[in-house]
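Dear colleague,

Please find the structure below, handed over for your consideration. My findings follow it.

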Number of protein chains: 2
Amino acid sequence: MTPPDSITALVGRLRQGDTRALARAISLVENDAPEAPALLSACFPSTGRALRIGITGAPGAGKSTLVDRLARAFRETPEGRDHNKTVGVVAVDPTSPFTGGALLGDRIRFQNYQGDPGFYARSMATRGTLGGLALSTADVALVLEASGKDVILIETVGVGQDEIEIARLADITLVVLVPGMGDDVQSLKAGVMEIADIFVVNKSDREGADRVEQEIRALQSLAPDHPVHTPPVIRTTATTGDGIEALVAAINEMQQWLLQENRLGARRAQHWRRRLDAMLRTELMRRARQNGFDAKILHFHAARIASGQQDPWQLVAQLTEKVFAPGNSS
Amino acid sequence: MTPPDSITALVGRLRQGDTRALARAISLVENDAPEAPALLSACFPSTGRALRIGITGAPGAGKSTLVDRLARAFRETPEGRDHNKTVGVVAVDPTSPFTGGALLGDRIRFQNYQGDPGFYARSMATRGTLGGLALSTADVALVLEASGKDVILIETVGVGQDEIEIARLADITLVVLVPGMGDDVQSLKAGVMEIADIFVVNKSDREGADRVEQEIRALQSLAPDHPVHTPPVIRTTATTGDGIEALVAAINEMQQWLLQENRLGARRAQHWRRRLDAMLRTELMRRARQNGFDAKILHFHAARIASGQQDPWQLVAQLTEKVFAPGNSS
């Protein structure tokens, strides 16, 4: 895959810290432009060194403020600490015709970083297909990484399957809870508790922080496959910044732990297995569409199936047969 | 696709109302057995007449009790009404190592229907891949339909992308809310509000039912694409049964509306477009696995990608090339 000159030039510019080139590259990836694979391929050699942190949790848990605080903590340099890192943020934000999406909100949210070349934030809306969002989020994170960011914060809005999938592609996953959830910790979407490397009890100045922590501990003790690394529980109040230092320390500790015994490498290999599978799926469908599985054909057959004139399983068998042996079809 | 004799016999038995055959067929479909496509294909001619109702909403909204009440309302025959319908329930319930899943809970939940041949309920756990759950839920609903059930209730636990996808495959979708959500109606996962044909405010004996209804109305008025059919808001208290009659009436009314101007046919054709796309995707991957995309190969390449030795985009291009022209590969 030889990238066209324009892509090589674009990647060259974004690697040198050109923010406009970075913004343009991310747009190409987010919009699944035809150049996207070549662009990502050209970015790939410059990646692998950044720490990718996923932040997930129920809506209303204060994740945006927390991500803001974390970004600042990594950007700023307290005396004697090695926190001065460049930061990229991907805020995954499914838009809705009802809410109009949060893009405007994000523009307001991140405007105080303007002029800081070591920071770049981007909101992403949901892409059409299931699973597509996790893939394009990981792609955007890769472009941010190629632009030289040391830390990539990947924030998801909800706790559904998509968000779990996104968080799974990070090196370290924070699951954010809040007091007042009480027994509802258990009602969190299955899979969310399992992916946590660090639990954050945010808004912990509110009553009930003890109880949430107890709930987490209780669920941890019930887990049949007890993880090697028991996730710590960190209390924060993102609005005031309380606990952010402890959270950064827990992240650093987790990072050190991951760097031992090639744990990070093993984890990333596992991510790439999932991602490769998704990439292959997407590419196969793209190729299949070129081989006659286009929207018009599907439209035609769907109407026939809905009225009982066509058996969908027979159709799928016929259509895939045609794709896998295109020479035999008319 | 000629089904093996055993599948033909199994489908014959389930069509005659044999509950054991039904249970076995559902298991084959849920476990994605090799016989599943032939089984579904054999079921297909006996489907198309049932009404499929999706029930979704945030955890804790009382959906289980509501589904219970709805099932009873359809099963029982109040004087002068035509409610005596057979009912199938699919409760989609992602299991978690932390909670152990709700299968036991469901067994307790539905035990009072034992001995009623006109009722069958089944819990389903999450399948591995994204999007796979919606597909297998729709498949299970199809088997229930072939067994002669008039109404299929499809209950989902959460409000994530998977649940939206599942609800989208129903003929009529109920979105269940509860008082006390207040402004949080807006924080419902994007996409949930849009799929509602009927809003149910459950636990409406609690304070705040008015407010939730107002929130729904406010969001409806904001919707840029105002639907042709403005979804009614029905208040229920599932624990006492209050409002269930009104809900059944709203469902019947919606069904009548759908039967006009071929709206149901158009909606089902749209469902089949989505479903065909997912079926093709799944089948292509199955075929690709047979052509060398197996777990071992992916495992090998993922480790090389994670250590920066292999470019994933180049790899995907090579691998798909091989699948689409298998004769040219070694």
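Helices here are DSSP runs of H or I of at least four residues, numbered from the N terminus. The model is a predicted one, and the remarks below should be read in that light.

**Chain A in outline**

Chain A contains 12 helices and 7 strands. Of its 330 residues, 49% are buried. Among contacts in chain A with a separation of 6 or more, 75% are between residues 24 or more positions apart.

One residue illustrates such a separation along the chain. A:Gly12 belongs to helix α1 (residues 5–15) of chain A. Its C-alpha atom is separated by 9.7 Å from that of A:Ala146, although the two residues are 134 residues apart along the chain. A:Gly12 has 12 C-beta neighbours inside 10 Å and therefore counts as exposed, the cut-off for that class being 12 or fewer.

**Helix α4 in each chain**

Helix α4 of chain A covers residues 63–75. Because 1.5 Å is expected for each residue, its 13 residues should span 18 Å, and the separation of 18 Å between its end C-alpha atoms agrees with this. The helix is mostly covered, with 10 of its 13 residues buried. Those buried residues are A:Lys63, A:Ser64, A:Leu66, A:Val67, A:Asp68, A:Arg69, A:Leu70, A:Ala71, A:Ala73 and A:Phe74.

In chain B, helix α4 also comprises residues 63–75, and its end C-alpha atoms lie 18 Å apart, in agreement with the 18 Å that 13 residues should span at 1.5 Å a residue. Since 10 of the 13 residues of α4(B) are buried, the helix is largely enclosed by the rest of the structure. The buried set consists of B:Lys63, B:Ser64, B:Leu66, B:Val67, B:Asp68, B:Arg69, B:Leu70, B:Ala71, B:Ala73 and B:Phe74.

**Helix packing within the chains**

Two packed helices are described by the angle between their axes and the distance between the axes. I have used that description for the pairs that follow.

In chain B, the axes of helix α1 (residues 5–15) and helix α2 (residues 19–30) cross at roughly 125° and come within 7 Å. The two helices are therefore oblique to each other, and their crossing is left-handed. On the α1(B) side the contact is made by B:Leu10, B:Val11, B:Arg13 and B:Leu14, and on the α2(B) side by B:Ala21, B:Leu22, B:Arg24 and B:Ala25. Of these residues, 6 are nonpolar, 2 are charged and none is polar.

In chain A, helix α2 (residues 19–30) packs with helix α3 (residues 36–43), their axes coming within 9 Å and crossing at roughly 130°. This angle makes α2(A) oblique to α3(A), and the crossing is left-handed. A:Ala25, A:Leu28 and A:Val29 of α2(A) meet A:Ala36, A:Leu39 and A:Leu40 of α3(A). The contact residues comprise 6 nonpolar, no polar and no charged.

**Helix packing between the chains**

Which helices of chain A and chain B pack at an angle of about 105°? They are helix α10 (residues 263–290) of chain A and helix α10 (residues 263–290) of chain B, and their axes are 10 Å apart. That angle makes α10(A) roughly perpendicular to α10(B). Chain A contributes A:Leu280, A:Arg281, A:Leu284, A:Met285 and A:Ala288 to the contact, and chain B contributes B:Leu280, B:Arg281, B:Leu284, B:Met285 and B:Ala288. These contact residues divide into 8 nonpolar and 2 charged, with no polar residue.

**Backbone conformation in two loops**

Most residues other than glycine have a negative phi. Two residues merit attention in this respect.

A:Lys203 is not a glycine, yet has a positive phi of about 55°. It sits in the loop between β6 (198–201) and α8 (209–222) of chain A. A:Lys203 counts as buried because it has 23 C-beta neighbours inside 10 Å, where 20 or more are required.

B:Asn262, likewise a residue other than glycine, has a positive phi near 55°. Its place is in the loop between α9 (244–259) and α10 of chain B. With 13 C-beta neighbours inside 10 Å, B:Asn262 counts as partly exposed.

With kind regards

Note on methods. Residues numbered from 1 in each chain as written. Chains lettered and ligands numbered in written order. Predicted model: local features only at pLDDT ≥ 70, side-chain atom pairs only at ≥ 80, totals over all residues. Expected span 1.5 Å × (residues − 1). Axes fitted to C-alpha atoms, helices over the stretch in contact; angles between N-to-C directions. Parallel < 35°, antiparallel > 145°, perpendicular 65-115°, else oblique. Left-handed = near helix turned anticlockwise from the far one by under 90°. Contact = placed C-beta atoms within 7 Å. Nonpolar A, V, L, I, M, F, W, Y, C, P; charged D, E, K, R; others polar.
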